Amino acid sequence: MICKEESFANANALYTYILTLHKKVSLVSDETFMSKYAFLPWHDKVRSHVPASSDMILEVSVDTLDLYAFFNENSVKINQKMATSLYAGLMMQYDCPKRSNCDSIVFTAFSELIKLGAEYKQCVKYLQNWQALSSLRLKGILYTNMSLCENATVAEVYVCDADLKRSGADMKEAKRIMSDFLSLAHVQEVRLLKSDANNKIIKSIKEV
């Protein structure tokens, strides 16, 4: 089972389910996850390579609602580990939840997962309140380097290798921080630009 950091919570839920079927399964990723995800059940089981004996490879999606619906449609009993993982997946997908597309369906899923035993306080503690010092340093730098354009509807955020080195964070963290700029008044789009690469646009996100 292959996953990325953004789909790690979903992979935990699916991994747990497969174990309940008494099947052999491995959790694989070529990424190093931040320590704030260590509270998830199988954080210490992640491998960097797919075992040679594997019969099948599953790539895990980032859509937690789809996975939750799959479990419900197939009458899968969701245990505490699965509920916690799905709750974390929803928090990651809907930014804890801040996004405008977080509707009643999402909040109902949160409520149902709590009833199923999700350790929601742990999810909030690590996914909403946990911040590394390097992330805070980079956030300050990005706010300093930010400029508004197109009648303040677009926030252009500049970053360079020196900024990353000075903060101790990486480009992956810069991409995470981008979403914070959508909370600025009037801003509908955020662009992350590499200032030491002719202002190349690394990523662009828009208000949903």
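Helix α2 has a face turned away from its buried side, and that face carries the exposed residues Asp66 and Glu73. Exposed means over 50% relative accessible area, buried under 20%, and partly exposed in between (1.4 Å probe, protein chains only). Helices here are DSSP runs of H or I with at least four residues, strands are runs of E with at least two, and both are numbered from the N terminus.

A word on the model. It is predicted: local features need pLDDT of at least 70, side-chain atom pairs count only at pLDDT 80 or more, and totals for chains, interfaces and linings use all residues. Residues are numbered from 1 along each chain as its sequence is written, and side-chain values use heavy atoms, with hydrogens and water left out.

Now turn α2 over. The helix spans residues 64-73. Its buried residues are Thr64, Leu65, Leu67, Tyr68 and Phe71. They sit on the same side of α2, because they cover an arc of only 160° around the axis. That arc is taken from the directions between the helix axis and the C-beta atoms. An α-helix has 3.6 residues a turn, so residues three or four places apart point the same way. What covers the buried side? The cover includes α1 (8-20), α3 (80-93) and α4 (104-115).

Next, a loop. Ser29 lies between β1 (27-28) and β2 (46-47). Is Ser29 buried or exposed? Ser29 counts as buried because its relative accessible area is 3%. Leaving out residues up to four places away in sequence, Ser29 touches Cys3, Lys4, Val46, Arg47 and Ser48. A contact means heavy atoms within 4.5 Å. Val46 is 17 residues from Ser29 along the chain, yet their C-alpha atoms are separated by 6.7 Å.

Step back to the whole chain. It has eight helices and six strands. Along the sequence they follow the pattern α-β-β-α-α-α-α-α-β-β-α-α-β-β. Among contacts with a separation of 6 or more, 66% join residues 24 or more positions apart.

The C-alpha atoms fill a box of roughly 55 × 40 × 25 Å, taken along the principal axes. The radius of gyration is 19 Å, which agrees with the value near 17 Å for a compact globule of 208 residues. This radius is taken over C-alpha atoms, and the globule rule is 2.2 Å times the number of residues to the power 0.38. Of the 208 residues, 43% count as buried.
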